[in-house]
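Visitor: I have a model open and I'd like to learn how to read it, feature by feature. Could you walk me through it?

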Amino acid sequence: MRVFLLNTGTELLLGDVRDAHLSFIARQILPLGLRVIEQRTVPDGAAIAETLSEIFPRADLIFVTGGLGPTSDDITRDLMAGLLGLELVRSEAVTAAITQRLTMRKIRVTSSILRQADAPKGAQILPNAFGTAPGLFLPARINPGVSSPDFFLLPGPPRELQPMFEQSVMPILRSLVGETGTLVRRVYKLANVGESIVEAAVGERLLAIPGLEVGYCARPGEVDLRIVGEAGTVEQGHAIIAESLGASIFTSRDETIEEVVVRSLVNLQERLALAESCTVCLLAHRLTNVAGASGVFGAGYVAYANETKTDLLKIDPGLIAQYGAVSAEVARAMAEGARLRSGATHALSTTGIAGPGGGSKDKPVGTVFVGLASGRSDSIARQLFFPTDRETFKQMVAQAAFELLRKALV
């Protein structure tokens, strides 16, 4: 099936809101053998109808997001009814649900709010458990006089669209295409390695497998290797990847490296402390975004200034004077101080030069040391070099720190 996604909303094109729908919808429908072949984003207004008229002849299925709310710029329902030559009919059930929801919240029910209960005649209502605007399913050729594909009209807010998609849209899609799809997607995530290195290790052998689609995606401190194909084809690719890159892969699931670290610590019943300088609180922030982190994260110390390193973590001032705050010796001492002070099993530390100033010939901007102290072995420190902007620098350092710990836990 030729699947299109049309995002509506001027706020998307102004950059006020980021699109969160493509990645979610694409992942949901892939197990059914469906793929989005084209995405469009258009402003509110006539551009919606113009774009739909253009893609009608090429589409078997169209998802439209946004424009179902109560305000004057929410006109997707009206435009769709006009394009398909259908009458708008008010749903009594939706009217009652909206009225009950607003009454409970002591919000006055107005005629504009009740517009959300209107639907093109013959459309299937998709309940919205987290908002007032329901979604709509309009089957192909809902008006026998108009050649049209299958349509899903979905609310714009992700917190409303996503549960609606899982609970209402997916059952309809299964009835359209069958329970079992033909495509399998696997993603392998690696930290602190370039995509060219990953491709050099496995690229030619993967491309030699007929029917296997191979892709790479690089982001700060991480490379994703993606393979898509029939189940048997993907298994052939998996064998090559596991043999060549197995130890470097931190996950083959849709999860972050900090989620992997937290899960490992939980399984081992061990605890972690942090001593951050150049990353300030980034490691702690990312770690505590993971559910269950409270059971394994003992303490975090921000030791940005040299005086704080000596006062908070009890680092010998002579060590800083001799080697400098950005050094392997100080990185190890920071990790050891955090572990001893917190009583944790492991401690990570970061100290580096984010720039744009502060570098030297021996330690240019981008130099960083990541330390690890552990009850299992001697403390270690790794020197790395990330000459980039401050924000990207910090993200790459965090990736490197979590990867250092992950390998130690393994």
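Guide: Here is a short tour, from the whole chain down to single residues and then pockets. Keep in mind that this is a predicted model.

Visitor: Let's start wide. How many helices and strands does the protein chain have?

Guide: The protein chain has 15 helices and 17 strands. Its C-alpha atoms fill a box of roughly 85 × 60 × 40 Å along the principal axes.

Visitor: And what share of the residues counts as buried?

Guide: Of the 410 residues, 47% count as buried. For the outside, the accessible surface comes to about 19100 Å², with 52% of that belonging to carbon and sulfur atoms. You can also ask how far apart in sequence the contacting residues are. Among contacts between residues at least 6 apart, 67% join residues at least 24 apart.

Visitor: Now the backbone. What should I look for there?

Guide: Look for exceptions to the usual pattern. Most residues other than glycine have a negative phi, and most peptide bonds are trans.

Visitor: Where is there a cis peptide bond?

Guide: Check the link between G355 and P356, where omega is about 10°. P356 sits in the loop between β15 (346–352) and β16 (367–374).

Visitor: Which residues have a positive phi without being glycine?

Guide: Two to inspect are K106, with phi about 55°, and N192, with phi near 60°. K106 belongs to the loop between α5 (92–104) and α6 (111–114), while N192 belongs to the loop between β9 (184–191) and α8 (195–207).

Visitor: Are those two buried or exposed?

Guide: K106 is exposed, because its relative accessible area is 80% and the cut-off is over 50%. N192 has 35%, so it counts as partly exposed.

Visitor: How do I read the two sides of a helix?

Guide: Ask which residues are buried and where they point around the axis. Take α12 (residues 306–313): K309, T310 and L313 are buried there. They cover an arc of only 110° around the axis, so they lie on the same side of α12. E307 and D311, on the other side, are exposed.

Visitor: What covers the buried residues of α12?

Guide: The cover includes strands β13 (272–276), β14 (297–302) and β15, plus helices α13 (317–323) and α14 (328–342). Right after α12 comes K314, with another positive phi, near 60°.

Visitor: On to pockets. What is the volume of the largest one?

Guide: For a pocket, go through volume, lining and residue classes in turn. The largest pocket has a volume of about 620 Å³. It is lined by 21 residues, and R27, R185, V187, R226 and D254 are the closest to its centre. Each of α2 (21–29), β9, β10 (213–219) and β11 (222–229) supplies at least two lining residues. By class, the lining has nine nonpolar, one polar and eleven charged residues.

Visitor: And which residues are closest to the centre of the second largest pocket?

Guide: The second largest pocket holds about 420 Å³ of space. Its lining has 28 residues, with E11, G66, G67, G156 and P157 closest to the centre. The elements giving two or more residues to that lining are α1 (10–13) and α7 (158–177).

Visitor: How does the lining of the second largest pocket divide by class?

Guide: You'll find nine nonpolar, twelve polar and seven charged residues in that lining. Set that beside the largest pocket, whose lining has one polar and eleven charged residues.

How values were computed:
Residues are numbered from 1 along each chain as its sequence is written. This is a predicted model: local features need pLDDT of at least 70, side-chain atom pairs count only at pLDDT 80 or more; totals for chains, interfaces and linings use all residues. Side-chain values use heavy atoms; hydrogens and water are left out. Helices (H or I, at least four residues) and strands (E, at least two) are DSSP runs, numbered from the N terminus. Buried means under 20% relative accessible area, exposed over 50%, partly exposed in between (1.4 Å probe, protein chains only). The arc is that of the directions from the helix axis to the C-beta atoms. Contact means heavy atoms within 4.5 Å. On a 1 Å grid over the protein atoms alone, a cavity is a set of points where a 1.4 Å probe fits but cannot get out, and a pocket is an open set with protein on both sides within 12 Å along at least five of seven lines; lining residues have an atom within 4 Å of a point. Grid points are joined across faces, edges and corners, and a volume is the space filled by probe spheres set on the points. Ala, Val, Leu, Ile, Met, Phe, Trp, Tyr, Cys and Pro count as nonpolar, Asp, Glu, Lys and Arg as charged, and the others, Gly among them, as polar. Accessible areas come from the Shrake-Rupley method with a 1.4 Å probe; for residues, only the protein chains shown count as cover.
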